[in-house]
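Hi everyone, thanks for making room for me today. I'd like to talk about salt bridges, so let's put the structure up.

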Protein chains: 2
Amino acid sequence: MGALDAGCFEEELENGVGLEEDVAEIGWESGMTDSESESARAIEDAVRVLLQGLGEDPEREGLRRTPHRVAKAFREGTRGYKQKVKDIVQGALFPEAGLETGTGHAGGAGGLVVVRNINLFSYCESCLLPFSIQCHVGYVPSGRRVVGLSKLSRVADVFSKRLQDPQRLANEICSALHNSIKPAGVAVALHCWHIQFPEALPCNSNSTYPSKLDMQGWIQVLVSSSSGVLKEEKCSLWDDFLALLKLKSINIERGDTNLSSASSWCPSRVLETSLCNGHCARSPKNGKTSSKTGVTHAAMMAAVTSILHSLGEDPSRKELVRTPHHYVQWLMNSRSSNLDLRLNGLSKANSCNVVDGNFTCLNEIQSVLNIPFCSQCEHHLLPFHGVVHIGYLDKQEGKCIERSVLQSVVHSFACKLQVQERLTRQIAEAVYSIFNIGVIVVVEAHHLCMISRGIEKVGSNTATIAVLGQFSTDAKAKGLFLQTIADNNASEG
Amino acid sequence: MGALDAGCFEEELENGVGLEEDVAEIGWESGMTDSESESARAIEDAVRVLLQGLGEDPEREGLRRTPHRVAKAFREGTRGYKQKVKDIVQGALFPEAGLETGTGHAGGAGGLVVVRNINLFSYCESCLLPFSIQCHVGYVPSGRRVVGLSKLSRVADVFSKRLQDPQRLANEICSALHNSIKPAGVAVALHCWHIQFPEALPCNSNSTYPSKLDMQGWIQVLVSSSSGVLKEEKCSLWDDFLALLKLKSINIERGDTNLSSASSWCPSRVLETSLCNGHCARSPKNGKTSSKTGVTHAAMMAAVTSILHSLGEDPSRKELVRTPHHYVQWLMNSRSSNLDLRLNGLSKANSCNVVDGNFTCLNEIQSVLNIPFCSQCEHHLLPFHGVVHIGYLDKQEGKCIERSVLQSVVHSFACKLQVQERLTRQIAEAVYSIFNIGVIVVVEAHHLCMISRGIEKVGSNTATIAVLGQFSTDAKAKGLFLQTIADNNASEG
């Protein structure tokens, strides 16, 4: 065991956990100043307004602590505003003999140091959602000193923990390292992934979203920044930087990085532009009120502005002016609505015996795999997205339900505040209401709440499974369906 | 910018950083209790003894703050002793309708929830080095409640931040989740990577290390643990757990996990067994004193025992009894020694015109790629390991230096307290002393100090480059050599 105090583990195990504790009023961390507690409370209040605007009851189970969690995540995710590069680098600059600035000395101007594949995340200043970053940093030491390698990661982290856009983030990391280490030059390359938005108008098939709606995919952008000798056109050091990245299969060519795409990468901006080009009538009006709670769109916008203010930001700086609008627009994808709307479409009438490429008929198990979805975690107000695999048994041989109908079922349960476990069960129950011999549903999803916040488990992925009817007793049928998914995944590489 | 206080960024940039600050006496974090500060100081003192035992001057640049860094890393890496599972899970158990325990209910006994690919690290109780973990956790909800997904990761983290061995870690995560969530069952699978040790006697080619010395590789082990319905032999849920892992290409078969290999996976134990089987004379004697500093082996052992005690561990528990011996033995690989010993072997006399499969002759550039090494970061007393690529120009066409000689050069510079930048430069200078037309050295390494500690940048990898002579002026030659490495990496997949 090796616990600090003997028996502490057993005590933990014995005590277990009750659900009875009063979680309505959880105090903020000790050690916070009055002003910090006040900001935290202000964010919580704002989140309650947003939940009401979505037609939700902030006091329902599952949502009671959501304002606290969201406030905590926002504060952690923007802690970079309070950190100083100087404090980080101080004490981590080490004299190193032989590091002359002149070329021709080992460890000199040719002595590039590159740290590759640093995983970070930041918050998009356009929509307030986190985005993932793979960061590559290089510098050429000078002045006979090198910096501790971990400081390159820590400095990058300071600037990523602010409301950002990719290009400014790269520039800020580059400038900060250049000015604190005072090297011959710095190079920064960032590969950023932004979640793809579900359609702005989820229940309308006439999507105005201009790009292909691939909910499994991410919007990617590559940006870079350089200083000193790494910026010089005639110097080959930038090529060396790219060559060292290539050794790790990170393929960036000169001129690959795209400033213009980076400035408009956030789908909220693309969507807005698209909406304004002839679809303004669909944009929510400020006076529009949630029928359930009486919270207006304007009140939701004001709540987001208050969050920005509480984070220490200036809501009037030009990059943030439209942010409340974008964030509310995105949240409204998850507004509580009459979900039965779409389920009306699901009946035997919609089943057909057309078997297209998306179907795999395995004995009598009908499999519909890889239905993409994007939903929103009700505990953190952050997206989780991935794919749904549905299997069902039908007596009528060869009869299948159309993929588009199942896609609608998935979508109708996804476009609200959810947890993956419930989403899985609800999809299974909906399909089972029609095909009541046996249903199996597997959902695989990335949770942005696992990538951002204190957890930062970048590669983690959650799978849930629900079985009804024959699948719950027939292990072989269940195993066959799971193998079908595995085979399909393998064949898609 | 969006900084909290306007101009704060510019101020950071302007102030830069001086090297003048007094870093000899850095205070511990505010908020520590007296007893915590005392433990921290005790670890620092112990690390100073270890440095002296290695023949190092703890006051030299680069080492002055090492005791502080090591103490901080040990304390952070074992913070799990002070964390309680109850505090983590509390407030994160959510009622979820429809989660019956009976089979046949969606989200019931078939409602497995699996989080895959959680990256963790822990400290090996046998040798005190960190090891990497890829953790997969599953549970079957019951009692109409589910747990917040991030808590599965947080609970796993509590037990990984202790001195551990893989199987006990899996068991503890499993028990803790079972007792705190009270589900129908829990499944835990851990894939662990331990760094391979360099030879016990680095300057002796008669290695007693039994396994193939592959310093690029890791020692891997797979362990698992399960409870409740997931433990039942006749139940198919364990198969479902494995099937859901398989969807992410995590291939574990029933019976794959190996308890016996896990209990002896640490190379320090393998090495010790091997040494005791006939080579005990080589084992350091307690009375042996570092010629430079007068610190005995016994004093180093006592220092490690003191570290264990300061971390709140019981140095007399059976798994820890040999740990001071193992840690000191491992540290002694890096003792300051007469490195010129091996360099005597490097002269033109050792060059030859035998070109074996390891050589790539590219015009007049001789390339020797992928020489494995393992060294020790002097800032954190943690390993960094990887490969060295060496290129040089020679007038005598077809003349090459033997790979084994270059391997010795690399090894002689690696087996001491180092930083990667210096290692790169020293190798380049050594080769240049013989082949003085042009030399290029690229070192690629994983740093355990980037994986463990607060940073936890699992996938990060550092590349350094040093160029001398013609390579520093001939960008084309440099580019050709870098391309050779890239091509070689690509062909090795």
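Okay, before we look at any pair, here's what I'm calling a salt bridge: a side-chain nitrogen of Lys or Arg that sits within 4 Å of a carboxyl oxygen of Asp or Glu. And please keep in mind that this is a predicted model.

So how many salt bridges does that rule give over all chains? The count is 36. I'll walk you through three of them.

Let's begin with Asp45(A) and Arg48(A), whose side chains form a salt bridge with N and O 3.0 Å apart. Where do these two sit? Both belong to helix α2 of chain A, residues 34–53, and since they're 3 residues apart there, about one helical turn separates them. Are they buried or exposed? Somewhere in between: Asp45(A) is partly exposed at 45% relative accessibility, and Arg48(A) is partly exposed too, at 23%.

Next up, Asp157(A) and Arg79(A), which make a salt bridge at 3.1 Å, N to O. Here Asp157(A) comes from helix α5, residues 149–160, while Arg79(A) is in the loop between α3 and α4, so this pair ties together parts of chain A that are 78 residues apart in sequence. The partners sit in unlike surroundings, if you go by the cut-off for buried, which is under 20% relative accessible area. Asp157(A) has 13% and counts as buried, whereas Arg79(A) has 31% and is partly exposed.

My third pair is Arg116(B) with Glu444(A), where the closest N and O atoms are 2.9 Å apart. Check the letters in the brackets: Arg116(B) is in strand β2 of chain B and Glu444(A) is in strand β14 of chain A, so this salt bridge joins two chains. Both ends are tucked away, in the sense that Arg116(B) is buried at 0% relative accessibility and Glu444(A) is buried at 7%.

Salt bridges can also share partners, and one network built that way takes in Glu125(A), Arg168(A), Glu172(A), Glu313(A), Arg317(A), Lys318(A) and Glu319(A).

Let me zoom out to chain A before I stop. You'll find 16 helices and 15 strands in it. Of its 493 residues, 60% are buried. Take the contacts between residues at least 6 apart in sequence, and 74% of those join residues at least 24 apart. As for the surface, chain A exposes about 18100 Å², with carbon and sulfur atoms supplying 49% of that.

That's my tour. Happy to take questions!

Key:
Residues numbered from 1 in each chain as written. Chains lettered and ligands numbered in written order. Predicted model: local features only at pLDDT ≥ 70, side-chain atom pairs only at ≥ 80, totals over all residues. Heavy atoms only, no water. Helix = DSSP H or I, 4+ residues; strand = E, 2+ residues; numbered from the N terminus. Buried < 20%, exposed > 50% of the residue type's maximum accessible area, 1.4 Å probe, protein only. Contact = heavy atoms within 4.5 Å. Areas by Shrake-Rupley, 256 points an atom, 1.4 Å probe, with all protein chains shown as cover.
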